[in-house]
Amino acid sequence: MEGIVLALGGGGVRGGAHTAVLDVLTEARIPIVGLAGSSAGALAAAAYAFGITVHHKELSEWLKDPELERLQKTGALYQVSRLLDFVRRPYLAEGTRIRQGYRTLFGDRRIEESPVPLVIQACDLDTGEVIMLRAGPVSEALAASSAVPSIFPPVQWHGRLLVDGDVAEKVPVTAARALQAGPVVAVDISNRTQPSKPKSALEAALQAGEASRRRLLSMALAQADVVISLAADPPIETFDYAKADLAYELGRKRAEEALPKIEQLLKRQSLTRPEGQTILRPWWSRLLQPKSQPQKPDQIPGQPEPRKPQTPKA
């Protein structure tokens, strides 16, 4: 079946834009033959893949973290006081409400049971490598994919510590390409940043990290066939739940603007893929395919191989 593969990136409450994009594509009868999602994008991808229909505002309420909402709404003095907790604790919030929301939505569903090919992206906290989850409980995979470092605790998964997939790749284009199901449409819901002259050593360090993330994002998006960027102005903060409607409406607008490009992409796909003909993929696609490794008898296909425990040095 011909169609597109979606790569849906992370962005907290801006994930409502993914729901809008999926709605617009469905209304336009654009076939979706694969989904790769990271963080908020993983939630949208999994919900679509399993045919779970939830209004974007209701979804936001289910997954709202009360502690983070308080932190978002309070002023600078409260945030400064929380700095003491930040340096004493490995994370700011337990994320219990969010994980309960995942279990309520998906129950015992497993990734490998998805009617549409699905990849949920996370990141190995130790190595920094992209982890493409193709099997296992959906709710646990989503918890791993959205475990923002320093905000939520990392998730144990087959001997690895997994965190938010955005750490490795903000928009999971590599994972979408690995499905080898069709052309990739990437949806980037990250906020645009305005570079400015740093006023302190801390600001300089933060700005350097942001510059590195922007460069990695641009490299990933360059591998997509079509890119839909939310480009919210003014920016929508990651945990500003009051802006869920705004994110959805802006997502609809951006998707409708991109429809002609997507439709043209599908036309080119039809012209270049006669029945029975093998597609000649571009040379760089081979670099994006995961290396094949021998599968152990007890290893679930698509699961990362458990890491060997290291003996602490005396």
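This passage describes the overall make-up, the strand pairing, two covered helices and the nonpolar cores of a predicted model.

The chain folds into 11 helices and 8 strands. Of its 314 residues, 47% are buried. The accessible surface amounts to about 17,100 Å², and carbon and sulfur atoms account for 55% of that area. Contacts reach well along the sequence: taking those between residues at least 6 apart, 77% join residues at least 24 apart.

A good place to start a tour is strand E2, which spans residues 32-38. Because 7 of its 7 residues are buried, E2 is largely enclosed by the rest of the structure. Strand E1 (residues 4-8) runs parallel to E2 and is joined to it by 5 bridges; within this pairing, Ala7 has Ala36 of E2 as its bridge partner. Between these two strands the chain passes through helix H1 (residues 16-27), making a right-handed β-α-β crossover. E2 also pairs with strand E3 (residues 118-124), again in the parallel sense, over 4 bridges. Here Gly37 finds its bridge partner in Ile120 of E3.

Two helices are worth a closer look for their cover. Helix H2, covering residues 40-49, has 9 of its 10 residues buried. The buried positions of H2 include Gly41 and Leu43, along with a run of alanines at Ala44, Ala45, Ala46 and Ala47. After H2 comes Gly51, with a positive phi near 70 degrees. Helix H7 (residues 138-145) is mostly covered too, with 7 of its 8 residues buried. Among the buried residues of H7 are Val138 and Leu142, as well as the two serines Ser139 and Ser145.

Nonpolar side chains tend to be buried together in soluble globular proteins, and the cores of this model can be read with that in mind. The largest nonpolar core holds 62 residues, and Ile4 and Phe106 have the most contacts inside it. Helix H10 (residues 244-272) supplies the largest share of this core, with 9 residues. Beyond its neighbours within four places in sequence, Ile4 touches residues from several stretches of the chain, including Leu25, the run Ile30, Pro31, Ile32, Val33 and Gly34, then Pro183 and Val185, and finally Ile262, Leu265 and Leu266. Apart from the largest core lies another, of 17 residues, and its members include Val5, Ala36, Val119 and Val171. Ala36 thus appears twice in this account, as the bridge partner of Ala7 and as a member of the 17-residue core.

Conventions. Residues are numbered from 1 along each chain as its sequence is written. This is a predicted model: local features need pLDDT of at least 70, side-chain atom pairs count only at pLDDT 80 or more; totals for chains, interfaces and linings use all residues. Side-chain values use heavy atoms; hydrogens and water are left out. Buried means under 20% relative accessible area, exposed over 50%, partly exposed in between (1.4 Å probe, protein chains only). Contact means heavy atoms within 4.5 Å. Accessible areas come from the Shrake-Rupley method with a 1.4 Å probe; for residues, only the protein chains shown count as cover. Two strands pair if DSSP finds at least two bridges between them. A crossover is right-handed if, with the strands pointing away from the viewer, the path from the first strand over the helix to the second runs clockwise. A nonpolar core is a set of buried Ala, Val, Leu, Ile, Met, Phe, Trp, Tyr and Cys residues joined through side-chain atoms within 4.5 Å.
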